[in-house]
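The following exercises concern surface patches and charged side-chain pairs. Please examine the sequence and the structure before reading the solutions.

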Amino acid sequence: MKTQKTAWLAALGAGLLATSALAANGHYAPGIEGLSAAAAPPEGLYYRGYLLHYDVERFNDARGDAAPGRNEGTVTALANRFIWMTDKQFLGADYGMEAIVPMFDIEFDLDVAGSNRFSDKGVGDLFVGPVILGWHGERWDATFAAGHWFDTASFDAGNPASVGKGYGTTMLTLGGVWHLDADRRWNLSALSRYEIKTEQEDTGITPGDSWLVEWGLGHRLANGLELGLVGYDAWQLEADDGAATGAKAERHAIGVEAGYLWPAVGVQLKGAAYHEYDAEAGGLKGLESEGDAIRLQLTKFL
């Protein structure tokens, strides 16, 4: 048994299970958005808070097989996002900008790491997005955005639960919402993120580029309640440069969402639950979490 655990530890590498556990191999955690996520809001200043609780049921290797023993954990995150849509336009689109301040509370129990418990909490890496472009049509909406996750949080290469990633990430966003009927009661949406990473200086590894898509099919009832089917699919497109293996991470999930908008007070609430049905590890982290997530989202017009 000791020899087996030593082999698994060697496979994990120095980065081990770098946070966030939900991301395929970057900063952005899929499942944060949901129905109609690719539609930029009207002119104004907005606060959007995302409360996410993720229960890790297992950690998988590069083939999607569970690591031996009991390997579990939880990730609770609160992401504070500030969005400013200006009165300016560029390329026919409404122009805006954003910033995200995430906070984490992470705990992992890992038999593959000698039956040890790892934990960390605090403010994660900060995101600044100087570009949001939103186009709006009679039956469609489209969004492009660009920004960067800065390596600002504390990172410990020996702690799988470290709130920091140890590298920066440039994130490009493109998505759209299609309203399937004239009354806009049915909609189909897709929001994609492309991530380009810098080198993780503590390990000398540069994570490969990754791409993910969050999708949703929603229906708004006569009373204003919106219900729908949601999911996400994430793929690492390039192997991690400098990692022990050329494995590429990926994860897939499906779920349900409900939401309601109170226009008079400028508040929107959404709630969603996701079940991950497949996850495979890349070279940087060595193992990839698989589990279930619950997300609550509050949007307030300021």
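Two exercises with worked solutions follow.

The model is predicted: local features need pLDDT of at least 70, side-chain atom pairs count only at pLDDT 80 or more, and totals for chains, interfaces and linings use all residues. Residues are numbered from 1 along each chain as its sequence is written, and side-chain values use heavy atoms, with hydrogens and water left out.

**Exercise 1.** Determine which strand gives the most to the nonpolar surface patch.

Solution. Step 1: patch residues have over 30% relative accessible area and no salt bridge, with nonpolar side chains (Val, Leu, Ile, Met, Phe, Trp, Tyr) joined within 5 Å; areas come from the Shrake-Rupley method with a 1.4 Å probe, only the protein chains shown counting as cover for residues. Step 2: the patch covers about 930 Å², and its members include Leu 51, Phe 82 and Trp 84. Two or more residues each come from strands E1 (44-60), E2 (71-90) and E3 (93-110), strands being DSSP runs of at least two residues, numbered from the N terminus. Step 3: E2 gives the most, with three residues.

**Exercise 2.** Establish whether Asp 109 is buried or exposed, and state which side chain it meets in a salt bridge.

Solution. Step 1: a salt bridge places a side-chain nitrogen of Lys or Arg within 4 Å of a carboxyl oxygen of Asp or Glu. Step 2: Asp 109 meets Arg 117 at 2.7 Å, N to O. Step 3: buried means under 20% relative accessible area, exposed over 50%, and partly exposed in between (1.4 Å probe, protein chains only). Asp 109, at 17%, is therefore buried, whereas Arg 117, at 58%, is exposed.

Notes
Patch = residues over 30% accessible without salt bridge, like charges linked within 9 Å, V, L, I, M, F, W, Y side chains within 5 Å. Helix = DSSP H or I, 4+ residues; strand = E, 2+ residues; numbered from the N terminus.
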